[in-house]
Amino acid sequence: MDVIVIGGGIAGVATAYQLRAAGHRVCVVERHATVAQGATYGHSGIALPTPLDVWFGPTFLRDGRQSSGGVICKTGFGGQARAFVKRLGALHGAAAFEARYALLRPLIESAENLLADAEGRFQLEYEQREGLLYLVRGSDEWALTQPALELLRRFEVPHHAMSAAECSAVEPNLPADPPFAGGVRFTAGRVANCPLFVKQLKQVLDAQGGVQFQTGREVSAIRLESGRAAVELARRLPEEARSRDVEVISGDAVVVAAGAQTPRLLAAHGVKLPLYPLRLHTLNAPVAHEECVPQYTIVDAAKRIAITRMNHRLRISGGAVLLRANQVDEPLPEALTEDALALLGEASRDWAPGAARISAALAWEGMKLLSADGLPTVGSAGHPRLFVNAGHGPAGWALALGTGRLVAQQVSGELPDLPPETVEALRPDRG
Ligand SMILES: Cc1cc2nc3c(=O)[nH]c(=O)nc-3n(C[C@H](O)[C@H](O)[C@H](O)COP(=O)(O)OP(=O)(O)OC[C@H]3O[C@@H](n4cnc5c(N)ncnc54)[C@H](O)[C@@H]3O)c2cc1C
């Protein structure tokens, strides 16, 4: 089949890779001049989500305060955003949290295998490192983290739950003051450069043939007929605007993997996804004192702020802002940006004092789509020729290889190799 993929982030390129592996011809349309320029660019490097990474469960937005657990919540009285927070609240209980994570687990395992396969097959080097340390400040947060630790045991994920003293023994740069409750260490936890991986995967596809990249082109609309699917491309030059002709690429199916733009593209076809946008921030700061830089990637587990070394810089990412739905396309008010960046600066001073020159940091912001039930939206979207692969929330990095494979199987009309209950839970129309 000829399949059009909209979006050249990790989700789109991983989907193209899996579609090609399934024998299809693919055209990826990306509005930027190259791939990995959206949310994929801002990643904090954590390749596979543990129960401590997911953005639902007992520690996530648990009390709905204005600024809770690292999320600045400015939903006002806006109906949609408040409904989203309320639905998240339904997953605070340990039982609901465990049930949702259990549905996600087969996808994580599939993605892990697919990443290892791609890496080995094409000898990919994308700055892979091992060593992740999740830290928890207060004893109340430590108590709320216990269901996540129970899941790590249940799914036999190798880890070490440690006291504060044990954490300091493995990461001597951690400050003893103020005191903290403890942490969880993953020696096999993967950190890597996601945009570099995406670019390498594109290079593999360029060399193999069968996947065409139309970069610098924006899809303005999707056309669906009973036997064909097509995308309309936005005009690039002012003189084109005078022409009535619209450039169209036709195929047998369209997969929308357009990150935060996915809901807008699908809305024209009456498809409403159960996703909500969150603004996220990063600070990329030059290393100040080499000897203060943590050896591990540090994650403030309750605030969901990650501190990762990337070459000569430290990337501090998190600082989520939850807005009213009608504000998502507007620039963030300056005061909110400052609040979000302050959270990141604070985390850096808390966990890696002296390591980075925050005053010289470059700030970046991006949007990620989150579902209230913590799962991405993957599969057929209201028409037999229209598919979606989006809404990976905090975990698009490697999950996208697994969701890409699922979409490729669905486009091919094959039975997915994930458990039916997981496939069902990922359905874009789950409401
Ligand atoms: C600060 C931050 C830190 C993160 N950290 C991690 C992490 O450590 N681990 C992890 O797994 N995940 C992390 N994530 C989440 C992860 O980055 C996302 O889940 C993932 O990148 C989403 O990929 P995507 O391809 O769906 O979206 P994107 O990367 O946003 O890609 C969508 C692409 O579609 C293109 N596009 C949109 N509309 C159109 C159109 N009409 N026509 C043509 N092209 C279009 C865009 O230009 C873009 O390139 C983080 C996210 C952020 C913001």
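# A walk through the sheets, the loops and the ligand shell

Strand 12 (residues 253-256) and strand 19 (residues 386-390) run parallel and are joined by 3 bridges. To find one of these links in the predicted model, look for V254, whose bridge partner in strand 19 is L386. Both strands belong to an open sheet of 6 strands with mixed pairing, and its order is 8-2-1-12-19-18. If you follow that order outward, you reach the edge strands, strand 8 (211-215) and strand 18 (377-383), each of which pairs on one side only. Neighbouring strands in this sheet are turned against each other by 20° on average, with direction ignored.

Strand 2 is a good place to leave that sheet and turn to the ligand. Strand 2 (25-30) supplies at least two residues of the shell around the ligand, and the same holds for helix 1 (10-21), helix 2 (39-42), strand 13 (275-286) and helix 11 (396-412). Which element gives the most to this shell? Helix 2 does, with 3 residues. There are 34 residues around the ligand, and those that come nearest are E30, T40, S44, I46 and W397. By character, the shell divides into 14 nonpolar, 16 polar and 4 charged residues.

Some contacts with the ligand can be followed atom by atom. T40 has an N or O atom in its side chain that is 2.5 Å from an oxygen atom of the ligand. For R31, an N or O atom of the side chain is 3.0 Å from a ligand oxygen. G396 takes part through its backbone: one of its polar backbone atoms is 3.0 Å from an oxygen atom of the ligand. How much of the ligand does the protein cover? On its own the ligand has 1000 Å² of accessible area, and the protein covers 96% of that.

Next, have a look at strand 5 (residues 129-136). Is this strand mostly covered or mostly open? It is mostly covered, as 6 of its 8 residues are buried. Strand 5 pairs with strand 7 (residues 182-191) in the antiparallel sense, over 7 bridges. Strand 5 also pairs with strand 14 (residues 297-300), here in the parallel sense and over 4 bridges. L133 is a handy marker for both pairings: it stands opposite R185 in strand 7 and opposite I298 in strand 14. As you trace such strands, keep in mind that in a regular strand the side chains alternate between the two faces of the sheet.

Strand 7 leads on to another spot. The C-alpha atoms of V184 and H160 are separated by 5.5 Å, although these residues are 24 apart along the chain. H160 lies in strand 6 (residues 160-163). With a relative accessibility of 35%, H160 counts as partly exposed.

The loops hold some backbone details worth a stop. Most residues other than glycine have a negative phi, and most peptide bonds are trans. Against that background, the peptide bond from D177 to P178 is cis, with omega near 0°. You will find P178 in the loop between helix 6 (164-170) and strand 7. Q123 is not a glycine, yet its phi is positive, near 50°. Its place is the loop between helix 4 (94-122) and strand 5. R304, also not a glycine, has a positive phi of about 55°, and R304 sits in the loop between strand 14 and strand 15 (305-310). Are these two residues buried or exposed? Q123 is exposed, because its relative accessible area of 64% is over the 50% limit. R304 is buried, because its 7% is under the 20% limit.

The tour ends at another open sheet, one of 3 strands in the order 9-10-11 with antiparallel pairing. Why is one side of strand 9 (219-224) and of strand 11 (247-251) left without a neighbour in the sheet? Both stand at the edges and have a single partner strand each, so nothing in the sheet lines their other side. From one strand to the next, the twist averages 20°. Strand 10 (residues 229-233) and strand 11 run antiparallel and are joined by 5 bridges. To pick out one pair there, start at E232, whose bridge partner in strand 11 is V248.

Conventions: Residues numbered from 1 in each chain as written. Predicted model: local features only at pLDDT ≥ 70, side-chain atom pairs only at ≥ 80, totals over all residues. Heavy atoms only, no water. Buried < 20%, exposed > 50% of the residue type's maximum accessible area, 1.4 Å probe, protein only. Pairing = 2+ DSSP bridges. Near = heavy atom within 4 Å. Polar contact = N/O pair within 3.5 Å; in protein donor to acceptor, adjacent residues only side chain to side chain. Areas by Shrake-Rupley, 256 points an atom, 1.4 Å probe, with all protein chains shown as cover. Nonpolar A, V, L, I, M, F, W, Y, C, P; charged D, E, K, R; others polar. Axes fitted to C-alpha atoms, helices over the stretch in contact; angles between N-to-C directions.
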